[in-house]
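Student: Could you take me through one part of this model in detail? I'd like to see how a single residue sits among its surroundings.

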Amino acid sequence: MAENVIHVGKDNFEKEVLQSTIPVVVDFWAEWCGPCKFLAPVVEELATEYAGHVKFTKLDTDKDQEIAIKYGIFGIPTLKVFKAGTEIDSMSGAAPKDYVKD
């Protein structure tokens, strides 16, 4: 895991995501998910590129199902972008870095 990616869950989701002063990308994933493993290095690279401007986090949907359900996660990987506590964009499925950046 890249040092610029923060694990979030029920104990810190509100503080790290909803109360963040910069935009936050949440990677909803699970250990057993093949496409999640494909997307992980992309998230880590983007976290390094955008450090200080966008916060990148990962939420394990197996460990924090209630948060995944609250945000309508029906398939993983799913990336959701939050700004000032509000979801502003999302993407489902694994994709190459250039696609995720757009």
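**A close look at T78**

Tutor: Let's begin with T78, which sits in strand β4, residues 78–83. Keep in mind that this is a predicted model. T78 has a relative accessible area of 4%, and since buried means under 20%, T78 counts as buried. Its side chain makes a polar contact of 3.2 Å with the side chain of S92. Setting aside neighbours within four places in sequence, T78 is in contact with V26, D27, F28, I73, M91 and S92.

V26 is a good one to follow from here. Not counting residues up to four places away in sequence, V26 touches F13, V17, T57, L59, T78, L79, K80 and F82. Now step back to the nonpolar interior. The largest nonpolar core has 17 residues, and V26 and F28 are among those with the most contacts inside it, together with F13, V17, L59 and I76. At least two residues of this core come from each of α1 (13–18), β2 (24–29) and α3 (65–70). The largest share, 4 residues, is supplied by β2. There is also a second, separate core of 12 residues, which includes V25, L39, V42 and L46.

For contrast, look at Y50, in the loop between α2 (34–49) and β3 (55–60). Y50 is partly exposed, with a relative accessible area of 30%. Leaving out neighbours within four places in sequence, Y50 is in contact with F56 and K101.

Definitions and conventions:
Residues numbered from 1 in each chain as written. Predicted model: local features only at pLDDT ≥ 70, side-chain atom pairs only at ≥ 80, totals over all residues. Heavy atoms only, no water. Buried < 20%, exposed > 50% of the residue type's maximum accessible area, 1.4 Å probe, protein only. Contact = heavy atoms within 4.5 Å. Polar contact = N/O pair within 3.5 Å; in protein donor to acceptor, adjacent residues only side chain to side chain. Core = buried A, V, L, I, M, F, W, Y, C linked by side-chain atoms within 4.5 Å.
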